[in-house]
Amino acid sequence: MDFKNVVQNRRSIRKFKPNIEIPLDKLKEIVKIGMQAPNMANRRPWEFYIIQNRDILEKIVMEHAPGEGWKKASALIILCARPDLQEPLPENFMWLDCAAAQSYMLLAASDMGYGSCWIGLYPDEHKMQTAKDLLSCDSIPFCAMAIGIPDEDVKPRSAIDTEKIHII
């Protein structure tokens, strides 16, 4: 697909076909594309956890995302922020950088033919701590991305609102 079609056709998928494994090299490719996202002063204040372990995946999903469809995702990618890598810049840029990486990964998954949806963790202290404990990490869980083969047909829709475009 060309870029415009990827953007226009990407939808949030919340129901996945069960028992389908995505090759690890494809998941790593999605993460590597996320690492190409623009970030303030090239600080790259992030790290990524690819979760294929069903127990951990289901614990994170059950804690943070309503509905049974999420549990059937083939994998989760957890994007964590690293304040230590952001210094000496203000911490607020770190969240923008992570959001850019997340967007790139969602688009990459769509381009590869996978369904995906992000699950917000930041700024909910409980959600962040639960994910942090399950990952045994010191970084700050920003979001999770469920990835798999869609088990629902979500039609593309236009989000274009020309009333929000201002020419000065």
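Which residue just after H6 takes a positive phi? To place the answer, it helps to go through the sheet and then the helix in this predicted model.

The sheet is an open one of four strands, arranged in the order S1-S2-S4-S3 with antiparallel pairing. Strand S1 (46-51) and strand S3 (115-120) stand at the edges, and because each has a single partner strand, one side of each is left without a neighbour in the sheet. From one strand to the next, the twist averages 20 degrees. Strand S2, which covers residues 75-81, pairs with strand S4, residues 140-148, in the antiparallel sense over seven bridges, and leucine 79 stands opposite cysteine 143 in S4.

Helix H6, made of residues 125-135, packs on this sheet and touches S1, S2, S3 and S4, while its direction makes about 75 degrees with that of S4. Within H6, the residues Met128, Thr130, Ala131 and Leu135 are buried, meaning that each has under 20% relative accessible area. Seen down the axis of H6, the buried residues fall within an arc of 165 degrees, so they line one face of the helix. In general, an α-helix has 3.6 residues a turn, so residues three or four places apart point the same way. The buried residues of H6 are covered by elements that include S1, S2, S4 and helix H3 (54-64).

The two ends of H6 can now be considered in turn. At its start, a side-chain oxygen of aspartate 124 reaches to within 3.0 Å of the backbone nitrogen of histidine 126. Just after H6 comes the residue asked about at the beginning, serine 136, which takes a positive phi of about 55 degrees.

How values were computed. Residues numbered from 1 in each chain as written. Predicted model: local features only at pLDDT ≥ 70, side-chain atom pairs only at ≥ 80, totals over all residues. Heavy atoms only, no water. Pairing = 2+ DSSP bridges. Axes fitted to C-alpha atoms, helices over the stretch in contact; angles between N-to-C directions. Contact = heavy atoms within 4.5 Å. Buried < 20%, exposed > 50% of the residue type's maximum accessible area, 1.4 Å probe, protein only. Arc of directions from axis to C-beta. Polar contact = N/O pair within 3.5 Å; in protein donor to acceptor, adjacent residues only side chain to side chain.
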